[in-house]
Amino acid sequence: LARAAQLAGRPYPPGRDARRELRRQLEAGAEVGCDHGDGWRWRSRNGRLRIEPAPKPERSRPFRRTFAPPGEVEIPEVGLKLRLAPSTQQAWMLRGAADRTGLALRLRPGEPVTVRSRRPGDRIRPLGCDHRRRLKEVLIDRRVPRRQRDRLPLLEVRGRIVWVPGVTVDHDCRLAPGLQVWLAEIENT
């Protein structure tokens with residue numbers, strides 16, 4: 001393995017974890033595809049083991065749409081539509097769902113909301129948390145795959161992220177008695 005890394009121009013042999021994973025895949029007899037580190041991968045093709053550059057993750061174009069609820073907006077960059085409408089509190093809202101949620105929002109008539117992609121430095125106070133956290137850390141903790149993170153439509157009200165679909169709701173927008181409930185849902189277009 002060290003020699004193969006050297007022939008590929010890699011200045012070091014693969015790390016212990018990479019060797020362990022490579023050995024596990026080889027012993028399983030399946031095709032190999034595991035990280036070597038530093039942007040390189042081990043791949044097996046036609047019975048030969050190779051080291052090659054890892055494919056670059058596909059990034060979606062940044063997007064930003066503003067609309068006045070109730071209403072909906074299409075996001076063609078990620079093939080989704082987001083709808084926001086007044087609702088009554090329902091039992092499923094307390095359990096959560098990946099594609100819809102209930103939010104307690106204090107929206108004035110005609111007040112705009114924004115649906116956008118993530119940006120460096122974004123922060124949110126996840127449901128049940130006593131402080132705001134970096135969105136990047138929340139997505140890592142919730143094991144959202146890297147390739148999906150830039151495709152998430154973030155719902156923003158007054159410059160604050162209030163919902164990350166399938167991940168969390170801002171703690172200050174949690175459902176509580178006496179507050180106006182809004183149903184937010186996404187669907188594929």
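**Group meeting: a strand pair, a pocket and two cores**

In this model, which is predicted, W163 stands opposite V169 in β13. I begin with this pair because, by the rule that two strands pair if at least two bridges are found between them, the strands on either side qualify as partners. Strand β12, residues 160-164, and β13 pair in the antiparallel sense over two bridges.

Let us place that pair in its sheet. The sheet is open and has five strands, in the order β4-β8-β11-β12-β13, with antiparallel pairing. Which strands form the edges? They are β4, at 64-67, and β13, at 168-169, and each of them pairs on one side only.

I turn next to the interior. The largest nonpolar core has 22 residues, and L103, L155 and W163 are the members that touch the most others. Several strands contribute to this core: β5, β6 (80-87), β8 (113-116), β11, β12 and β14 (181-188) each supply at least two residues. There is also a second, separate core of ten residues, which includes L135, L139, I161 and V164.

V169, the partner with which I opened, appears again in a pocket. Which residues lie nearest the centre of the second largest pocket? They are M93, G96, T101, L127 and V169, out of 17 residues that line the pocket. The space in this pocket is about 270 Å³. Four elements, namely α3 (91-95), β7 (100-104), β12 and β13, each supply at least two residues of the lining. By class, nine residues of the lining are nonpolar, five are polar and three are charged.

Now I should like to consider the backbone. As background, most residues other than glycine have a negative phi, and most peptide bonds are trans. With that in mind, please find three places in the structure.

The peptide bond from P69 to P70 is cis, with omega near 0°. P70 is found in the loop between β4 and β5, the latter at 71-75.

The second place is R143, whose phi is near 60°, a positive value in a residue other than glycine. R143 sits in the loop between α4 (135-141) and α5 (146-149). Is R143 buried or exposed? R143 counts as exposed because its relative accessibility is 72%, and the cut-off for exposed is over 50%.

The third place is R158, where phi is near 50°, again a positive value in a residue other than glycine. R158 lies in the loop between β11 (154-157) and β12. With a relative accessibility of 52%, R158 also counts as exposed.

For contrast, consider R41, in strand β2, residues 40-45. R41 has a relative accessible area of 18% and is therefore buried, since buried means under 20%. R41 and P55 are 14 residues apart in sequence, and their C-alpha atoms are 8.7 Å apart in space.

Finally, the cysteines. How many disulfides does a search of the whole structure find? The search finds zero. C129 is in no disulfide, and the nearest cysteine sulfur, that of C173, is 14 Å away. A disulfide needs two cysteine sulfur atoms within 2.5 Å. C129 is buried, with a relative accessible area of 15%. C34 counts as buried too, at 4% relative accessibility.

To close, I return to the opening pair: W163 belongs to the largest nonpolar core, while V169 is among the residues nearest the centre of the second largest pocket.

Conventions. Residues are numbered from 1 along each chain as its sequence is written. This is a predicted model: local features need pLDDT of at least 70, side-chain atom pairs count only at pLDDT 80 or more; totals for chains, interfaces and linings use all residues. Side-chain values use heavy atoms; hydrogens and water are left out. On a 1 Å grid over the protein atoms alone, a cavity is a set of points where a 1.4 Å probe fits but cannot get out, and a pocket is an open set with protein on both sides within 12 Å along at least five of seven lines; lining residues have an atom within 4 Å of a point. Grid points are joined across faces, edges and corners, and a volume is the space filled by probe spheres set on the points. Ala, Val, Leu, Ile, Met, Phe, Trp, Tyr, Cys and Pro count as nonpolar, Asp, Glu, Lys and Arg as charged, and the others, Gly among them, as polar. Buried means under 20% relative accessible area, exposed over 50%, partly exposed in between (1.4 Å probe, protein chains only). A nonpolar core is a set of buried Ala, Val, Leu, Ile, Met, Phe, Trp, Tyr and Cys residues joined through side-chain atoms within 4.5 Å.
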